[in-house]
Amino acid sequence: MPLPPAPTKPADRLPAKAFAPSARAISRPAAKSQVPEIASVSMAQRTDSAKRSAKEAPRRARASLLSPEPDAPQVVVAAPVSVEPATRTTTRPRKSVSTGPAKLFVLDTNVLLHDPMSLFRFEEHDIYLPMIVLEELDGHKKGMTEVARNARQTSRTLDALAAAPGADIAAGFQLSSTGHRDARGKLLFQTQPLDYSLPTSLPQGKADNQILGVVEALRKAMTPREVVLVSKDINMRVKARALGLATDDYQNDKTLEDGDLLYSGAMALPTDFWATHGQTVESWQQGPHTFYKINGPVVPSLQINQFVFFESPGEPSLYARVTEIRDNTAVIKTLRDFNHLKNAVWGITTRNREQNFAMNLLMDPEVDFVTLTGTAGTGKTLMALAAGLTQVLEDRRYTEIIVTRATVSVGEDIGFLPGTEEEKMGPWMGALDDNLEVLGKTDTSAGEWGRAATSELIRSRIKIKSMNFMRGRTFMNKYVIIDEAQNLTPKQMKTLITRAGPGTKIICMGNLAQIDTPYLTEGSSGLTFAVDRFKGWPHGGHITLARGERSRLADFASEVL
């Protein structure tokens with residue numbers, strides 16, 4: 001007996017209605033037919049189709065949709081809708097690609113000096129560089145400053161694009177030719193003079209005004225394509241808007257648009273938490289800690305090492321930290337209470353909820369990276385030093401404490417300082433000395449000689465280092481404190497954090513409301529960058545300290561000034 005011929009057409013994918021209970025209830029296996037892709041069918045057509053299907057059933061594909069029985073009343077059958085199968089493999093989400101026309105972005109020199117990789121941050125849009133921008137890059141490439149390094153890096157990037165196979169400067173360089181696949185546009189250069197006219201009040205010889213003239217000429221020549229000037233210079237953007245030109249700031253360096261959106265590290269559980277989750281909560285005891293396994297609507301909003309708390313009048317409070325998240329289930333662990341004197345750290349007890357959260361992170365050996373933010377007087381430096389001294393001198397977990405900070409002055413610089421590295425860093429470490437003085441007085445049982453000996457021991461285990469000499473170093477079994485981290489750029493923050501070797505713990509502290517670096521904001525600070533990138537890492541934690549404990553005068557000044 002010869003085999004039946006191979007199917008010439010793949011089986012149709014079952015529509016969503018095929019899985020509905022109503023569709024299965026009215027269907028019989030004996031009469032199988034393929035649903036025609038029309039809005040309705042007549043009784044005769046369905047009867048003929050059912051008869052043919054009964055004869056050809058052995059050879060039909062099993063994926064055909066079951067039809068109603070022939071003697072049923074006439075019904076309206078919807079056309080099958082193609083849907084994705086439920087067992088689709090989860091893949092990485094792809095970036096949405098803009099379907100509108102590609103824009104032409106004209107880059108100011110300061111954008112390239114700020115971020116040499118900005119050429120590859122504009123996705124499918126094209127980039128245009130005026131000739132005066134190349135001249136300014138050439139003028140900034142001399143020296144050892146960050147600006148000079150960025151200018152040289154930009155020049156090397158342009159040279160690599162020009163050396164790519166098939167590169168044509170007249171047609172524009174493909175930005176993806178050097179391996180940056182996200183950059184799907186072209187890089188265009190000004191290869192000929194452009195005709196433009198600017199108001200006589202703008203000096204023609206100034207570089208900024210020449211760039212504005214190029215944007216004006218391109219806007220007329222590229223109509224209706226949108227031409228946008230991208231600049232970090234606020235005054236230049238104001239002049240561009242006054243001339244009716246489209247302009248925007250370079251946004252890619254900003255981690256967050258608004259500082260209020262920064263991850264706080266703690267979340268209050270809803271007041272109906274036990275009512276909605278209490279029936280499914282599992283709990284068990286392990287040492288001094290109690291673990292709770294919860295599921296429900298609150299779990300998707302949680303992060304690993306995030307603190308959760310429940311406070312309601314008349315009900316017991318809960319303070320815990322998220323230790324595990326799997327699908328729609330989370331495990332939280334109760335905290336050690338550092339508010340109590342029996343758990344004092346180097347004689348210091350915490351005074352509020354957020355300080356207790358921070359101390360749990362600082363004393364946990366499984367947490368390698370801790371970030372602390374908060375206003376002045378919230379106890380960031382004091383808690384970090386107390387936890388460091390306890391773990392260095394009592395627990396012997398680390399060998400020494402290394403303290404560094406960004407040397408950015410609030411007012412005018414006092415000039416060069418004499419002495420060794422530690423002596424030069426001495427004036428910047430006034431906060432360290434103040435806190436060490438407080439910690440030295442916590443042991444009231446020791447006499448004056450005992451406190452003096454303790455002070456010498458403490459200072460022998462604390463090393464003050466400058467960030468200028470961090471490149472290439474590796475810290476092993478060290479407790480590293482980075483103070484005033486809000487004044488660091490993301491690149492400087494990466495340089496410091498990557499110094500950590502085996503057994504090292506790094507604590508970054510800062511107040512985002514006190515940024516003294518001229519070119520940083522709350523959204524582009526290295527501290528904000530670190531908090532956002534380490535969010536949810538099992539060995540990192542963050543907490544925002546809310547209440548000041550320095551003095552009533554400092555608290556009031558932080559609110560009203």
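The numbered points below comment on a predicted model of a protein.

1. Overall content. The protein has 561 residues, of which 40% count as buried. Its secondary structure comes to 16 helices and 20 strands. Among contacts in the protein with a separation of 6 or more, 68% are between residues 24 or more positions apart.

2. Confidence. The mean pLDDT of the protein is 79, and 76% of the residues reach 70 or more. Over residues 22-47 the pLDDT is below 50, although this stretch has 43 contacts in the model beyond near neighbours in sequence. Residues 53-97 likewise stay under 50 in pLDDT, and the model has 58 contacts for them beyond four places in sequence. Where pLDDT is low, the predicted coordinates should not be read in detail. That caution applies to the contacts of residues 22-47, where the pLDDT is below 50, and to those of residues 53-97, where pLDDT stays under 50.

3. The six-stranded sheet. An open sheet of 6 strands follows the order E17-E16-E18-E19-E15-E20, and its pairing is parallel. Its edges are formed by strand E17 (462-464) and strand E20 (540-545), each of which pairs on one side only. From one strand to the next, the twist averages 15 degrees.

4. Register within this sheet. Strand E16 (residues 400-405) and strand E18 (residues 478-483) run parallel and are joined by 6 bridges. For checking the register, Ile 402 has Val 480 in E18 as its bridge partner.

5. Helices packed on the sheet. Helix H15 (residues 526-533) packs on the sheet and touches E15, E19 and E20; the direction of H15 makes about 125 degrees with that of E15. Helix H9 (residues 353-362) lies across strand E15 (369-374), E18, strand E19 (505-510) and E20. Relative to E20, helix H9 runs at about 155 degrees.

6. The loop after H9. Asp 364 is found in the loop between H9 and E15. Is Asp 364 buried or exposed? Its relative accessibility is 14%, so Asp 364 counts as buried, the cut-off for that class being under 20%. Leaving aside neighbours within four places in sequence, Asp 364 is in contact with Arg 321 and Lys 505. Lys 505 belongs to strand E19 (505-510).

7. Phe 309 and Phe 357. The ring centres of Phe 309 and Phe 357 are 6.2 Å apart and the planes stand at 35 degrees, so the pair is tilted. Phe 309 lies in strand E12 (residues 307-310) and Phe 357 in helix H9, so the pair ties together parts that are 48 residues apart in sequence. Phe 309 is buried, with a relative accessible area of 11%, and Phe 357 counts as buried at 0% relative accessibility. Arg 353 lies over the face of Phe 309, at 3.9 Å from the ring centre. Arg 353 is itself part of helix H9 (residues 353-362).

8. Other aromatic pairs. A search of the whole structure finds 13 aromatic pairs. One of them is formed by Trp 284 and Phe 291, which are stacked at 5.7 Å centre to centre with 5 degrees between the planes. What is the accessibility class of each partner? Trp 284 counts as partly exposed, because its relative accessibility is 35%, whereas Phe 291, at 12%, counts as buried. In addition, ring pairs link Phe 273, Trp 274, Tyr 292 and Phe 310 into a cluster. Phe 310 lies within the range of strand E12 (residues 307-310).

9. Strands E4, E5 and E6. Strand E6 (residues 186-189) is joined to strand E4 (residues 126-129) by 3 bridges, and these two strands run parallel. Here Leu 129 has Phe 189 in E6 as its bridge partner. Strand E5 (residues 173-174) pairs with E6 in the antiparallel sense over 2 bridges. In that pairing, Gln 174 stands opposite Lys 186 in E6. E6 thus has a parallel partner in E4 and an antiparallel partner in E5.

10. A threonine in helix H5. Thr 154 is placed in helix H5 (residues 146-162). With a relative accessibility of 0%, Thr 154 counts as buried. Which residues does Thr 154 contact, leaving aside neighbours within four places in sequence? They are Leu 112, Pro 116 and Leu 137.

How values were computed
Residues numbered from 1 in each chain as written. Predicted model: local features only at pLDDT ≥ 70, side-chain atom pairs only at ≥ 80, totals over all residues. Heavy atoms only, no water. Pairing = 2+ DSSP bridges. Helix = DSSP H or I, 4+ residues; strand = E, 2+ residues; numbered from the N terminus. Axes fitted to C-alpha atoms, helices over the stretch in contact; angles between N-to-C directions. Contact = heavy atoms within 4.5 Å. Buried < 20%, exposed > 50% of the residue type's maximum accessible area, 1.4 Å probe, protein only. pLDDT = per-residue confidence, 0-100. Phe/Tyr/Trp six-rings, centres within 6.5 Å; stacked < 30°, edge-to-face > 60°. Lys NZ or Arg CZ within 6 Å of the ring centre and 35° of its normal.
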